[in-house]
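Dear colleague,

Please find below the structure that I am handing over to you, together with its sequence. My notes on what was found in it follow directly after.

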Amino acid sequence: MQIAYRGLIVTALGLSLGFTGCAGMGDSTGMGYTYKNLAVAGGSAVAGEGNNVLFKGSPLGLSGAGIKTGDALRDVKVAQTDLALVNIAQTKGSGKVRIISVVPSLDTPVCEQQTHYLSERNKGLDKMVELITVSVDTPFAQKRFATEAKIDNVTFLSDYRGGEFGKTHGLFLGGPHILARAILVVDSTNTVRYLQVTPELTQLPDMEEAFRFARSLITAS
C-alpha cells in the first residue's frame with residue numbers, strides 16, 4: 001500500500017509539474033531552448049527534518065539533517081553519468097567556487113529551465129567555476145537530457161541510489177522520493193556560502209542572485 005501511495009504522489013507531481021522530456025521543450029525552429037515566463041521564488045525554506053516546502057500550496061516534509069550557510073558541504077556519494085560514484089564534496093571543481101543546482105526531476109519544465117539557465121545564462125561563470133546539477137533521475141536519463149539539450153558545461157550527478165545526497169543535506173522529500181529545489185554556492189574551502197531552498201516547489205530559485213554571489217567570491221579571492 002505504501003509503494004502504491006508513493007506512486008500516486010509521484011504521478012500527481014509529474015502531471016502537475018508537466019513531465020515532458022527535454023526534447024519537448026525545445027524551440028521548434030531548431031534555434032535552441034525556448035525560455036518560459038516562470039515564477040522566481042522569493043526567500044528560502046529551511047532545509048532539514050521538521051521543515052516543509054510547498055507543492056502548489058500543499059506541504060511536503062523535508063528529511064535529513066539540514067544544511068545552512070556556513071556549513072561544510074557534506075561527504076556523500078552520487079553517481080556520474082558513467083555510473084561511477086563520486087563524493088559530492090570532491091568533484092572535479094573542488095578547490096574553487098562551485099554552483100550546485102538541485103532539481104526534483106529534469107523531465108519537468110521548471111527543472112529543465114533551471115538547468116538551461118545554469119548552463120546558458122551564467123555570463124561566463126562556467127569558465128571560472130564548476131556548474132553542477134543534482135537530481136534523482138538515473139545517470140542514463142541525465143546523460144540523455146544533456147545530449148538532447150546540448151549542454152556540455154554542467155556536471156550532472158545522480159542521487160537515484162537512495163537519495164543520500166538529499167538526506168545528508170536535508171533536501172529529500174520522502175513521500176514522492178524526490179529532491180527539493182535549491183541552489184547552493186560553495187567556496188574554494190568547500191563551505192556553503194549561499195543557499196536558497198525554494199519555498200514553493202513549482203518556482204525557480206533566484207539564479208541571478210546565485211550567479212552574483214559566486215562572482216563576488218571569485219572577485220574577493
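Strands β6 and β7 pair in the parallel sense, over 4 bridges. One residue pair from this arrangement is T133 with its bridge partner F156, which belongs to β7. Please bear in mind throughout that this is a predicted model.

Strand β7 is covered on both of its faces. T155 and L157 point to one side, F156 and S158 to the other, and all of them are buried.

Strands β6 (130-135) and β7 (155-158) are also among the elements that cover the buried residues of helix α3, and this cover further includes β3 (77-79) and α2 (109-120). The helix itself spans residues 139-149, and its buried residues are P139, A141, Q142, F145, A146 and A149. Viewed down the axis of α3, these residues fall within an arc of 160 degrees, so they line one face of the helix. F140, K143 and T147 are exposed, on the face of α3 turned away from the buried side. Just after the helix, K150 takes a positive phi of about 60 degrees.

Two further residues have backbone angles that you may wish to look at. Most residues other than glycine have a negative phi. H177, which is not a glycine, has a positive phi of about 60 degrees. N190 is not a glycine either, and its phi is positive at about 70 degrees. H177 sits in the loop between β8 and β9, while N190 is placed in the loop between β10 (182-186) and β11 (192-197). As to accessibility, H177 counts as partly exposed because its relative accessibility is 26%. N190, at 16% relative accessibility, falls under the 20% limit and therefore counts as buried.

The strands on either side of H177 belong to an open sheet. In this sheet 4 strands follow the order β1-β2-β8-β9, with antiparallel pairing. Its edge strands are β1 (52-55) and β9 (178-179), each of which pairs on one side only. Strand β8 (residues 172-173) is joined to β9 by 2 bridges, and the two run antiparallel. F172 has L179, in β9, as its bridge partner.

Next, a word on two buried residues in strands. V78 is found in strand β3 and counts as buried, because its relative accessibility is 0%. Setting aside residues up to four places away in sequence, V78 touches A84, L85, V86, I88, L157, S158, D159 and F165. Two of these contacts, L157 and S158, are residues of β7 described above as buried. V78 and V136 lie 58 residues apart along the chain, and their C-alpha atoms are separated by 9.7 Å.

The second residue is A182, in strand β10. A182 has a relative accessible area of 0%, so it is buried. Apart from residues up to four places away in sequence, it touches I100, S101, V102, Q114, L171, Q196 and V197. From A182 to M207 the distance is 9.8 Å, C-alpha to C-alpha, with their positions 25 residues apart in sequence.

What did the search for enclosed space give? Searching the whole structure finds 1 cavity of 30 Å³ or more. The volume of the largest cavity is about 40 Å³. Its lining is made up of K77, V78, S158, D159, Y160, R161, G162, G163 and E164. V78 is thus listed here as well as among the buried residues. Sorted by class, the lining has 2 nonpolar, 3 polar and 4 charged residues.

Finally, some totals for the chain. The protein chain has 5 helices and 11 strands. Of its 221 residues, 52% are buried. Among contacts between residues at least 6 apart in sequence, 68% join residues at least 24 apart.

To view these points in order, you could begin with the parallel pairing of β6 and β7, continue to the buried face of α3, and then turn to the residues that line the largest cavity.

With kind regards

Terms used:
Residues are numbered from 1 along each chain as its sequence is written. This is a predicted model: local features need pLDDT of at least 70, side-chain atom pairs count only at pLDDT 80 or more; totals for chains, interfaces and linings use all residues. Side-chain values use heavy atoms; hydrogens and water are left out. On a 1 Å grid over the protein atoms alone, a cavity is a set of points where a 1.4 Å probe fits but cannot get out, and a pocket is an open set with protein on both sides within 12 Å along at least five of seven lines; lining residues have an atom within 4 Å of a point. Grid points are joined across faces, edges and corners, and a volume is the space filled by probe spheres set on the points. Ala, Val, Leu, Ile, Met, Phe, Trp, Tyr, Cys and Pro count as nonpolar, Asp, Glu, Lys and Arg as charged, and the others, Gly among them, as polar. Buried means under 20% relative accessible area, exposed over 50%, partly exposed in between (1.4 Å probe, protein chains only). The arc is that of the directions from the helix axis to the C-beta atoms. Contact means heavy atoms within 4.5 Å. Two strands pair if DSSP finds at least two bridges between them.
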